[in-house]
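Here is a set of short exercises to work through with a model on your screen. Try each task yourself before you read the solution.

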Amino acid sequence: MVPPVILDIEASGFGAGSYPVEIGYVDTRGEVWSAQVQPHSDWLHWDKEAEKLHQQSRQSLEAHGQTAQEIAAHLNRVFAGQTVYTDGWYQDFVWLHSLYEAAGLSPRFKLEDLSVTLTPEQQAVWHETKQAVRDRFALQQHRASTDAKVLQLTWITTAEMAAALTE
């Protein structure tokens, strides 16, 4: 069983004007990667509540973040021609578009909703399994690579549960 590649994006807030502040993913081998995003000059929206959730200040992002161009180029290099999954497709698609627009690039991969990979059996136990995974591994919420890892571990666990039901 090969688990899906999962991408997660943390943002400056929700709604119009919000933009990515951290992008992370977990690959099919379970290896994680993440990067803070240096705000582009025309990204002005900042929500203090979102900052509390992801625990990253705008000043920290400005000082330590990678540029949109650096991150978009990395994602294109790693995922060229692949499908990458997210659990918040609509919002993550908008934020990813913002990143690529700021970078002056186009994605060389497809972003798809993780739910399309789930069987009905996986869907039936998804939420409680996700919480159990988060509790078991004591992983911090609202950090991009950690959230992606939780989703992948949940996918693996629910797939194994579904397979056991059919044996």
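The exercises below start with the whole chain and then go on to helix pairs and single residues. Please keep in mind that this is a predicted model.

**Exercise 1. The overall fold**

Task: Find how many helices and strands the protein chain has, and work out in what order they run.

Solution:
- Step 1. Count the elements: the protein chain has six helices and five strands.
- Step 2. Walk along the chain from the N terminus, and the order reads β-β-β-α-α-α-β-α-β-α-α.
- Step 3. Turn to the contacts in the protein chain with a separation of 6 or more: 69% of these join residues 24 or more positions apart.

**Exercise 2. Dimensions and burial**

Task: Decide whether the radius of gyration of the protein chain agrees or disagrees with that of a compact globule.

Solution:
- Step 1. For 167 residues, a compact globule would have a radius of gyration near 15 Å.
- Step 2. The protein chain has 16 Å, which agrees.
- Step 3. Along the principal axes, the C-alpha atoms fill a box of roughly 55 × 35 × 25 Å.
- Step 4. To round off the picture, 46% of the 167 residues are buried.

**Exercise 3. How H3 meets H4**

Task: Describe how helix H3 (residues 68-79) packs with helix H4 (residues 89-103), and say which residues make the contact.

Solution:
- Step 1. The two helices pack at an angle of about 110 degrees, and their axes are 8 Å apart.
- Step 2. Angles from 65 to 115 degrees count as roughly perpendicular, so H3 and H4 are roughly perpendicular to each other.
- Step 3. The crossing of H3 past H4 is left-handed.
- Step 4. On the H3 side, the contact is made by Ala 68, Gln 69, Ile 71, Ala 72, Leu 75 and Asn 76. H4 brings Leu 96, Leu 99, Tyr 100, Ala 102 and Ala 103.
- Step 5. Sorted by character, the residues of the contact of H3 with H4 are nine nonpolar, two polar and no charged.

**Exercise 4. How H5 meets H6**

Task: Do the same for H5 and H6: at what angle do their axes cross, and in which hand does H5 pass H6?

Solution:
- Step 1. The axes of H5 and H6 come within 8 Å and cross at roughly 130 degrees.
- Step 2. That angle makes H5 oblique to H6.
- Step 3. H5 passes H6 in a right-handed crossing.
- Step 4. Residues of H5 in the contact include Val 125, Trp 126, Thr 129, Val 133 and Phe 137. From H6, the residues include Val 150, Leu 151, Trp 155, Met 161 and Leu 165.
- Step 5. The contact of H5 with H6 divides into twelve nonpolar, five polar and four charged residues.

**Exercise 5. Two residues in helices**

Task: Place Ser 145 and Ala 124 in their helices, and decide for each whether it is buried or exposed.

Solution:
- Step 1. Ser 145 sits in helix H6 (residues 144-166).
- Step 2. Buried means under 20% relative accessible area, so Ser 145, at 12%, counts as buried.
- Step 3. Leaving out residues up to four places away in sequence, Ser 145 touches Gly 24, Tyr 25, Val 32, Trp 33 and Ser 34.
- Step 4. Ala 124 lies in helix H5 (residues 120-137), and its relative accessible area of 56% makes it exposed.
- Step 5. Ala 124 and Asp 92 are 32 residues apart along the chain, and their C-alpha atoms are separated by 24 Å.

**Exercise 6. Three residues in loops**

Task: Locate Gln 55, Gly 88 and Asp 47, and say how exposed each one is.

Solution:
- Step 1. Gln 55 is in the loop between helix H1 (48-54) and helix H2 (58-64). Its relative accessibility of 56% counts as exposed.
- Step 2. Look at the backbone of Gln 55 too: phi is positive, about 55 degrees, although this residue is not a glycine.
- Step 3. Gly 88 is in the loop between strand S4 (83-86) and H4, and is partly exposed at 27%.
- Step 4. Gly 88 and Asp 113 are 25 residues apart in sequence, with 6.9 Å from C-alpha to C-alpha.
- Step 5. Asp 47 lies in the loop between strand S3 (32-36) and H1, and at 26% relative accessibility counts as partly exposed.
- Step 6. Beyond its neighbours within four places in sequence, Asp 47 is in contact with Ser 12 and Gly 13.

Methods: Residues numbered from 1 in each chain as written. Predicted model: local features only at pLDDT ≥ 70, side-chain atom pairs only at ≥ 80, totals over all residues. Heavy atoms only, no water. Helix = DSSP H or I, 4+ residues; strand = E, 2+ residues; numbered from the N terminus. Buried < 20%, exposed > 50% of the residue type's maximum accessible area, 1.4 Å probe, protein only. Contact = heavy atoms within 4.5 Å. Axes fitted to C-alpha atoms, helices over the stretch in contact; angles between N-to-C directions. Parallel < 35°, antiparallel > 145°, perpendicular 65-115°, else oblique. Left-handed = near helix turned anticlockwise from the far one by under 90°. Nonpolar A, V, L, I, M, F, W, Y, C, P; charged D, E, K, R; others polar. Rg over C-alpha atoms; globule rule 2.2 N^0.38 Å.
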